[in-house]
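The exercises below ask you to work from a displayed structure towards short, reasoned descriptions of single side chains and pairs. Please look at the sequence and the model before reading each solution.

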Amino acid sequence: MRIEFVTKNYIVNEKIKDLISKKLSRLDKFFHEEIPIKVMLKEAGAVQTLELTILLDGMIMRAEVSSDNMFGNVDAALPKLEKQIVKHRSKLTDRSKKLSIKELEQSYVPSVHDEADRKVVRTKMFALKPMTAEDAIAELELVGHNFYVFLNSDSMRVNVLYIRRDGDYGLIQTVND
């Protein structure tokens with residue numbers, strides 16, 4: 001594993017580098033070749049943040065933890081990253097098992113759900129009414145979806161409101177080039 005340390009407003013000492021390197025060596029069991037991992041150490045006031053990022057097979061796996069103790073961040077971020085790696089590996093294993101079963105059958109008929117054959121099967125049209133982000137939050141909660149498209153009354157542009165993994169809301173605002 002090739003570890004790249006990047007810092008922002010944080011002074012890295014050898015003790016934390018050695019700890020991170022030692023802990024990340026646990027991930028070597030998942031990879032046959034040497035892979036790069038980016039370790040970002042940041043500090044903003046009393047909050048210290050650790051970000052671990054792996055780019056593997058075109059997929060990004062990332063874990064971010066913030067607290068007042070960088071040593072604790074290492075212990076908290078590693079299981080998050082390990083869980084993502086295991087999930088990615090199990091997907092690959094499931095796909096390869098499906099492929100070997102299909103090879104044995106020798107009569108492959110494309111499934112409706114194949115990723116390569118995905119297409120638009122339904123189109124919805126609806127009128128956008130101008131509203132504030134707070135009104136859109138209320139509408140989102142009413143419809144029970146994880147996103148809501150609306151016309152922002154402040155900017156008169158299309159916005160997308162969505163529920164983040166941490167339970168808060170995110171807002172995507174469109175702009176014209």
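**Exercise 1.** Locate Leu-128 and decide whether this residue is buried, partly exposed or exposed.

*Solution.* Begin with the position: Leu-128 sits in the loop between α2 (70-105) and β5 (130-131), where helices (H or I, at least four residues) and strands (E, at least two) are DSSP runs numbered from the N terminus. Next comes the accessibility, for which buried means under 20% relative accessible area, exposed over 50%, and partly exposed in between (1.4 Å probe, protein chains only). Leu-128 has 32% relative accessibility, and therefore counts as partly exposed.

Before going on, note that this is a predicted model, in which local features need pLDDT of at least 70 and side-chain atom pairs count only at pLDDT 80 or more, whereas totals for chains, interfaces and linings use all residues. Residues are numbered from 1 along each chain as its sequence is written, and side-chain values use heavy atoms, with hydrogens and water left out.

**Exercise 2.** Describe the setting of Gln-48, starting from its secondary structure element.

*Solution.* Gln-48 belongs to strand β3 (residues 47-56), and because its relative accessible area is 13%, the residue is buried. Contact means heavy atoms within 4.5 Å; leaving aside neighbours within four places in sequence, the contacts of Gln-48 include Tyr-10, Lys-42, Val-65 and Met-70. For Met-70 one can go further, since the side chain of Gln-48 reaches the backbone nitrogen of Met-70 at 2.9 Å.

**Exercise 3.** Which parts of the chain does the salt bridge between Lys-29 and Glu-82 tie together?

*Solution.* A salt bridge is a side-chain nitrogen of Lys or Arg within 4 Å of a carboxyl oxygen of Asp or Glu, and the count by this rule is eight. In one of them, Lys-29 and Glu-82 meet at 3.8 Å, N to O. Lys-29 lies in the loop between α1 (14-24) and β2 (36-44) and Glu-82 in helix α2, so this pair ties together parts that are 53 residues apart in sequence. The two partners can then be classed: Lys-29 is exposed because its relative accessibility is 61%, whereas Glu-82, at 18%, is buried.

**Exercise 4.** Characterise the one aromatic pair of the structure.

*Solution.* Rings of Phe, Tyr and Trp (its six-membered ring) pair if their centres lie within 6.5 Å, and planes under 30 degrees apart count as stacked, over 60 as edge-to-face and the rest as tilted. The structure holds one such pair. The rings of Tyr-148 and Phe-150 have centres 6.5 Å apart and planes at 20 degrees, so the pair is stacked. Both Tyr-148 and Phe-150 are buried.

Note on methods: Polar contact = N/O pair within 3.5 Å; in protein donor to acceptor, adjacent residues only side chain to side chain.
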